[in-house]
Amino acid sequence: ALSENGLITLRPLGTGGLVGSVTPTNHFTHLLEQHDQQAAAIVHDFRSPLTSIMGFAQFMEADATPEQKEILGIMLSEARRIADLIDDFLMVSRSRAAILDMREVDLAALIRRAAAVAAPMFTEKHMVLQLDLPRTVFVEIDDRAMTRALLNLLSNAVKYSSPFSEVTVQLRMQDEEVLLSVQDHGVGLSPEDQQRLFGRFFRSSNPAIQEVKGTGLGLHTVKELIKAHGGEIWVDSELGMGSTFTIHLPLKETVLVPELV
Ligand code: ADP
C-alpha cells in the first residue's frame, strides 16, 4: 500500500497475499449541497425502532404456534427489507457527503464475511454460494460501503435465480484493477434491460420476475457506492442464461508479495 509519503510499503501477509491501494476519489463532493441532511437524519432515526420491532418479533417466535410463526416470519422478513433500504440510503448519503471511511481492508476477508451474512438467504432457496478468492487482497476501501454493495449483488443473485442454482463470487487482479464478480445462472437480462439496469427505480418487465419483490434502488445504490470508490460496475448477461456483475476497483500500485507469486 502507498504510505503517506507516496512510498510503497510491504508488510508480511502470510500466504497468498496481495497488497494494493485503490485511488480514493470524491466524485460526489459536488453533490454535497443537494444532499438532504435532514432526510438522512430522519431515516437514521427509523433504524432503532425497527431494530426493536425485529427483536420482539424474534422473541415471540420461541413460544408461537406454527400459524403465528409463519406470520412472525413474514413480519421479520418485511422488517429486514426496510432495514436494508435504510442501510442503503444511509450508505449512499455518506458516500455523497464524501465521508467514506477509506482504509486498507482485506477484500477477500470482507467477501467471506458478507458470504456468511448472506448464507441463510442461499440456504432458504437451496442455492449454493461458491467463493473463488485469493487468501488476501488488501485494497483501500470503505468496509461498510463495499459490504453493502456486495450484499445487494448477492441478494439479487438469489432473487433472480431458480432454487438449487449456483452463484460464484470471484476476486482477481487484472492489469491495474481488482475485479470482484458475482455470477448467477438466473433469469438473465435482455440487452435493453442491461442499458437501464443501474438507473433509479428500474425494474425489468420480464414476466419471469413479476412476483419478486423489489424497489429498483439496489443496483443504483451499488453503482453510486462503487463510483464513490473511483471504480465501476459492469454487467454481462444473457436472457435465460444468467448474469455476471463485475466491480472494477482501480489500483494505484500493486505489489505481489514475491515469495508467493
Ligand atoms: P430490485 O431488485 O429491488 O428490483 P435492483 O436495483 O437491485 O432492484 O435491480 C433492478 C432490476 O434489475 C431488478 O428489478 C431486476 O429486474 C434486474 N436485476 C437485478 N439483478 C439481477 C440479476 N442478478 N439477474 C437478473 N436480473 C437482475
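Where does Phe164 lie? I started my notebook with that one, and I kept in mind that this is a predicted model.

**Entry 1: Phe164 and Phe201**

I found Phe164 in the loop between α4 (143–159) and β5 (166–174). Its backbone caught my eye: Phe164 has a positive phi of about 70 degrees, although it is not a glycine. I had to remind myself that most residues other than glycine have a negative phi. Then I checked the surface. Phe164 has a relative accessible area of 64%, so I put it down as exposed, the cut-off being over 50%.

Next I looked up Phe201, another non-glycine with a positive phi, here about 65 degrees. Phe201 sits in the loop between α5 and α6. With a relative accessible area of 52%, Phe201 also goes down as exposed.

**Entry 2: the whole chain**

I stepped back to see the overall plan. The protein chain has 6 helices and 8 strands. Reading from the N terminus, I wrote the order down as β-α-α-β-α-β-β-α-β-β-α-α-β-β. Of the 261 residues, 44% count as buried. I also looked at contacts with a separation of 6 or more: 73% of them come from residues 24 or more positions apart.

**Entry 3: α3 against α4**

At what angle do α3 and α4 pack? I got about 40 degrees for helix α3 (residues 107–124) and α4, with the axes 10 Å apart. That angle makes α3 oblique to α4. The crossing of α3 past α4 is right-handed.

I then listed who touches whom. On the α3 side I noted Leu107, Leu110, Ile111, Arg113, Ala114, Val117, Ala118, Met121 and Phe122. They meet Asp143, Met146, Thr147, Leu150, Leu151, Leu154, Ser155 and Val158 in α4. I sorted this contact by class and got 13 nonpolar, 2 polar and 2 charged residues. Looking at the numbering, I recalled a rule: an α-helix has 3.6 residues a turn, so residues three or four places apart point the same way.

**Entry 4: α2 against α6**

Helix α2 (residues 66–96) packs with helix α6 (residues 218–228) at an angle of about 30 degrees, and their axes are 10 Å apart. The cut-off is under 35 degrees, so I call α2 roughly parallel to α6. This crossing is left-handed.

From α2, I saw Asp88, Met91, Val92, Ser95 and Arg96 meeting His220, Thr221, Glu224, Leu225 and Ala228 of α6. The residues of this contact split into 4 nonpolar, 3 polar and 3 charged.

Is α6 mostly covered or mostly open? Mostly covered: 9 of its 11 residues are buried. Among the buried ones are Gly218, Leu219, Val222 and Ile226. His220, Thr221, Glu224, Leu225 and Ala228, which I had just listed as meeting α2, are buried too. Just after α6, Gly230 takes a positive phi of about 75 degrees.

**Entry 5: an aromatic pair**

How many aromatic pairs does the structure hold? I found 1. The rings of Phe198 and Phe245 have centres 6.3 Å apart and planes at 85 degrees, so I noted the pair as edge-to-face. Phe198 is in the loop between α5 (191–196) and α6, while Phe245 is in strand β8 (residues 242–256), so the pair ties together parts 47 residues apart in sequence.

Are these two rings buried or exposed? Phe198 counts as buried at 13% relative accessibility, and Phe245 counts as buried at 8%. I set that beside Phe201, which lies in the loop between α5 and α6 and is exposed.

Methods. Residues numbered from 1 in each chain as written. Predicted model: local features only at pLDDT ≥ 70, side-chain atom pairs only at ≥ 80, totals over all residues. Heavy atoms only, no water. Axes fitted to C-alpha atoms, helices over the stretch in contact; angles between N-to-C directions. Helix = DSSP H or I, 4+ residues; strand = E, 2+ residues; numbered from the N terminus. Parallel < 35°, antiparallel > 145°, perpendicular 65-115°, else oblique. Left-handed = near helix turned anticlockwise from the far one by under 90°. Contact = heavy atoms within 4.5 Å. Nonpolar A, V, L, I, M, F, W, Y, C, P; charged D, E, K, R; others polar. Buried < 20%, exposed > 50% of the residue type's maximum accessible area, 1.4 Å probe, protein only. Phe/Tyr/Trp six-rings, centres within 6.5 Å; stacked < 30°, edge-to-face > 60°.
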